[in-house]
Structures are given as C-alpha cells and as structure tokens.
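Trainee: Please take a close look at one part of this model, and then set it against the rest of the chain. I should like the helix packing and the aromatic rings treated together.

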Amino acid sequence: MIATNFSRTRERAGQVAFTRALQHVRELLVTRRDMPAAQFDVEPLQVAVRRGSAFAETLSAEASQQRFSIAYLDEPIEHDDLLAAVAAGEYPATVIDSNLADALLPSYPGLVASAELQSQRAIAWAVRRDAPQLKRALDEFFTAEHVLASQHREYPLRDWSAIRETRTLRVLTRNHPASYFMWRGELMGFDYDLLKQFARENRLRLSMVVPGPDVDLAEALQAGMGDVIAASLTVTDARRQQGLVFSRPYMTVTEQVIAAVSTPAADPTPSVSELLSAQRVAVNPLTSYHANLLALAGVQEEPLQIVPVQGATTEQLIDAVAEGTYPYTVADSHLVAIESTYRNDFAVVGALPGKRDIAWAVRPDQPQLLQQLDDFLKKHHRGLFFNVTYNKYFKNAKRIRRHQRDRLRNIDQLSPYDPIVRKHAADVDRDWRMVVSQMYQESQFNPRAESFAGAQGLMQVLPRTAKQMGINNLFEPENSIRAGVSYLGWLEERFPRELPFDQKIYFTLAAYNAGHGHVRDARKLAARLGRDPNRWFGSVEEAMLMLSQPEYYRQARFGYVRGREPVNYVREIRARYLGYLSVARNETGIVE
C-alpha cells in the first residue's frame, strides 16, 4: 500500500484504489518574496514539479490557459530540497500542499505561498485495485482511529464546576459484564446504569471512555482522559499511592480462586495458601489480584508463580483456565456470580484472605466531584433504585443468562444484516460498524419499521428520497440499506471538504436526522456566537439546541428544529460505535 501525503487524482484512480480521504488540502504556488509581480503578468511563470505528480496534472490544466510553463523534474527530490532550490533562484516557482506548507515554509522566510492555483485535492492512502479487503480494513481503521483520538485525547484536569459547564461527565471504564457492555445494540452494565442515573439527576451527558486493555486506568485518569473511574475497581493502598481517591464503597466482594472443573478436589480441602503453593496463577498485572497474590506468595514456603497476562479480561482468563492453558486464576466474587449463571466449565476452589471494597475513583484535585458522587451513593445505596439495578446484574439468574447469552463478545456479527451493510458501506468508503450503529438507532434492526413521518425500513429513509436515487420497496433490507448509505454519501458532499475527518461523520449523521439545512443553520449560529463551526461536540450541537428557541430560530433560514433530537441521535450512535470498538479491542486472545 501507499502510505504518504498522496493526492487522489483521476489518473491515479485508474491505477490504484484509494481509501476514504484523510483530509483535503489546497495546492499552493510557492515563489520568492522578491519576485516582481509584473513578471508573472507579462510571461508564463515557470513552475518546477515532479513528472507524474498531482501538481503536474493541475498545472497542465492551468498551462492550457498559458498562465504557466512546466519544468518537469524526472529525478526524485524532497520537498525541502525543492523549496531550497526555489529560494536559491534555481527555479522561479514550485507547488506544495497546504498541510506541508504549514510545516516547511517557516524555514524559508524568503518564500511566499499563494492560492493562485485555486486547486484542492483529497489526500488518501492507496492499495492495489485487486485488494478490496485491505482497502476496507484501512477505511475502518481510519474511522475508528479518528473517532477514538478525540475520545482519548488528554483534556484539562477538571472538577465539578468545569464538568457542569460542559454538561458532560467522562467515565473511564472497562468492557466487562459488571461495569459496561453491549447487549442487542444497547449499552448496559451496573456501573453504567448507576452513573447514567447520576448524570440524569445532574442534567449531564455521559461519555464512556474505554482505553485499550493494556492502559492503566489510574494513569489515564491522571492524564485527563476521563473525570472518574467506574470499572468495578477494588480499593487498594497501591492504587491510593498512584494518586487515586475513592468514593464511598458501593459493593463488597471476595477474590476467588478459579480452576477448571476437571481439577481433582483435594481431601481434606487445603487452605488457599496450600492450594496455590508452587502453582501457576494467571492474572492481569493491572488488577488488584496481582498485588494480593504477591502478598500471599511472600508467606508461602514454596511461593506460587504469578503469570502476568497483559490486557486480559477476567472472562478471558476464566476461559483460559477452563481450556487448560493455566491451572488457576483469580476473579472478584460478583464477576464469578455472573459467569456462573451461564457456564459450568470452571469451579471456585478457594478465596484470597479478606473482603474487598469496590468503589469509584477520582483525583485528589476533585473534592467537589467526589462529594457529588458520595452524596449520590449515600442517597441511593440499598434503596429501591440501587437494589433493582443490583439484582438486575447480580441476582436475577434468568435476566443475567439472557444478558450474557446475547452480550456482544466479538464483532463477527453485529446485526442480521451485516453482509449487506459491509457490501454497500465498502462501496462508499464507510465503516460498516458505524452504519450498523446508525441502523440500530433508526429501526432496532426491524426491517418493517415505519415512522410517523413515513420513513421506512432499516435505515428509515423517506420513499420520496429513495425514489430520487432510483430505489423502491424500502421494507426490503438491501434496498433500505443501499438507500441509507447512498443518502449518507449525498449529505456528506453538502459539507465543506476541509471539515476534519471525524467531524464530517458527525455533521452527516446530524443532517440525516434533522436535514442538511438545519445543520447549516446551526453552523452559522455557532460561528456568530464565537464557537467553532467545524466542530460538532460542544460547539455546533449547542447551537443546534438553541434553534428550538424563538430568538434564534426566527433568524435561521430553515427555522425551528427540535434540536435535542439530532444532538441525542449523534451522541447515541457514536456511543454505540465506541461500544463496538471496545468489544473489538477486547478480542485479543490469551497467549501463554
């Protein structure tokens, strides 16, 4: 594949297959500052460019108007060397992409760039035309990385007042059956449900941030990736030494030793110290189990051997023990209770000494947030809401089995229509997982769905819109998916090319829900209010909410819009998509 600052041109598109455009850049004409302006008007300007480059194609079209003459360079030459040659007077001019100009031109104060060419190009990667699977994988990778980059960026460290100002609480968590998981397209989990109620009571939005499985949540919190950790986190002195401050505990557990059911039972039953003497115990080194096993090994005559398995989830380690990869692992009792409801291939053979508190965690510089969390837990702990939620995840065996049976463990199948979505999404360089996330939002995968406004099918497209694309019978899954994906492409083209990669996704989704005109009004309003019209979250989405108020919608071209609908629509689709990605990152197999 070609992975560089590679411009997409018509000629190249006949030779290679391009990925989704990573960005759009302007082609800038570069000359010396002291070049007389009259020289450019009297005779064609000689411009040095590589033969076969996108710049040569642009200049050829311009040269037909006798504005430029082209000095073709047949030997490889770096951008820096070409700029140096223009600065030295070897060539009168050259062309450079705007993104490179921003980085390189400050080193050449004698040169000046202009948009004289009035040309814009898409920058993308490229693969052979006979490698469609590689191209699709790259498109999915780019979408995921751009969406995750904005989620995982380091924000300023903040306490309650700043959180209230942005109206968003960012929660660091893990994808596992106690805290946060995907079930039939819905986000669920004990920690998730508790904090969703906390956010609701405080009129906040909830943003779940799931770092990679090998990222320490304490380090992520200190770096500003989130405001609070809610991941069935055990309270330990080691974590306090990392700088964590814990909320009131909301659960107490024991750390149980797990073996395969085929492990012969000892008679009489030995203590856990005797049981694990000289034995191999596999645990994730980022968990509290690791430190507690170290303490146990320190008092054994024949110390147990801790096998650190980076990035492993409790479920994966139980799987590995059940399959015989390791003889033992350790898991919290509430996680064991969940696993025990739907599988019988492991057994609890002991427990580490003592009971452990489970709590949320914040930084020391967040006393106000800590107080709000403590007040919430004090208000609800062992109350009706808390008990119903607790029983839902840890006591009601029938419900737990249903959740675990359909809990998303990999992304092999997200919907019954994945093959159709993959086909049509690939045709227009879209990530099929994002399309599936949107499809669930539109119809919950019901191909017979029909809205009060007349939108039909899985993607809820209006028949008149589909008819304009030559598509009928939207209750047929393939027709609806093809119409929805095509309409997404049409909407995306209505927005400026220079919009950042991920922002273009969000604006397109908002337009799908509310109409392009209302999104355009919101962008204009955001700019008028001094906010960034090219950023959806925290900027244009706020302007969209204002368009339901008379003082704002009366000045808008397309008038009133129920702004909360597109705002929630985009947030919920992104949250579901991020949930899919968190599952994908947990799929790594256990290696001994």
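Mentor: The account that follows begins with the whole chain, dwells on helix α8 and its partners, and then turns to other sites. This is a predicted model, in which local features need pLDDT of at least 70 and side-chain atom pairs count only at pLDDT 80 or more, whereas totals for chains, interfaces and linings use all residues. Residues are numbered from 1 along each chain as its sequence is written, and side-chain values use heavy atoms, with hydrogens and water left out.

The protein chain has 26 helices and 20 strands (DSSP runs numbered from the N terminus: H or I of at least four residues for helices, E of at least two for strands). Its C-alpha trace spans about 100 × 60 × 50 Å along the principal axes. Of its 592 residues, 53% count as buried (under 20% relative accessible area; exposed is over 50% and partly exposed lies in between, with a 1.4 Å probe and protein chains only). Among contacts in the chain with a separation of 6 or more, 72% join residues 24 or more positions apart, a contact being heavy atoms within 4.5 Å.

Helix α8 comprises residues 190-201, and its axis comes within 11 Å of that of helix α15 (residues 367-380), the two crossing at roughly 110 degrees. Axes here are lines fitted to C-alpha atoms, for helices over the stretch in contact, and angles run from 0 to 180 degrees between N-to-C directions. The two helices α8 and α15 are therefore roughly perpendicular (65 to 115 degrees; under 35 is roughly parallel, over 145 roughly antiparallel and the rest oblique). On the α8 side the contact involves Leu-194, Leu-195, Gln-197, Phe-198 and Glu-201; on the α15 side, Gln-372, Leu-373, Phe-376, Lys-379 and His-380. By class, five of the residues in this contact are nonpolar, three polar and two charged (nonpolar: Ala, Val, Leu, Ile, Met, Phe, Trp, Tyr, Cys and Pro; charged: Asp, Glu, Lys and Arg; polar: the others, Gly among them).

The aromatic side chains give a second view of α8. The whole structure holds 23 aromatic pairs (rings of Phe, Tyr and Trp, the last by its six-membered ring, with centres within 6.5 Å; planes under 30 degrees apart are stacked, over 60 edge-to-face and the rest tilted). One of them joins Phe-190 and Tyr-390: their ring centres are 5.9 Å apart and their planes stand at 80 degrees, so the pair is edge-to-face. Phe-190 belongs to α8 and Tyr-390 to helix α16 (residues 384-394), so that distant parts of the chain, 200 residues apart, are linked by this pair. Both Phe-190 and Tyr-390 are buried. They also belong to one aromatic cluster, whose members include Phe-198, Phe-376, Trp-160, Trp-360 and Tyr-250. Phe-198 and Phe-376 thus appear both in this cluster and in the contact of α8 with α15.

Beyond α8, in the loop leading to β11 (205-209), lies Arg-203. Its phi is near 55 degrees, a positive value in a residue other than glycine, and at 75% relative accessibility Arg-203 counts as exposed. Phe-445 offers a contrast in burial: it too is not a glycine and has a positive phi, of about 65 degrees, yet at 14% relative accessibility Phe-445 counts as buried. Phe-445 lies in the loop between α19 (432-443) and α20 (463-468).

For comparison with the α8 crossing, consider helix α6 (residues 132-152) and helix α26 (residues 564-585), which pack at about 105 degrees with axes 11 Å apart. These helices, α6 and α26, are therefore roughly perpendicular as well. Residues of α6 in the contact include Thr-143, Val-147 and His-152, and those of α26 include Arg-574, Tyr-577 and Leu-581. The contact of α6 with α26 has six nonpolar, three polar and three charged residues.

Another aromatic pair is formed by Phe-507 and Trp-536, edge-to-face at 5.8 Å centre to centre with 80 degrees between the planes. Phe-507 is in helix α22 (residues 501-514) and Trp-536 in helix α24 (residues 536-546), so this pair ties together parts 29 residues apart in sequence. Phe-507 is buried at 0% relative accessibility, and Trp-536 is likewise buried at 0%. Ala-522, in helix α23 (residues 516-528), is also buried, with a relative accessible area of 0%. Leaving aside neighbours within four places in sequence, Ala-522 is in contact with Val-540, Ala-543, Met-544 and Leu-547.
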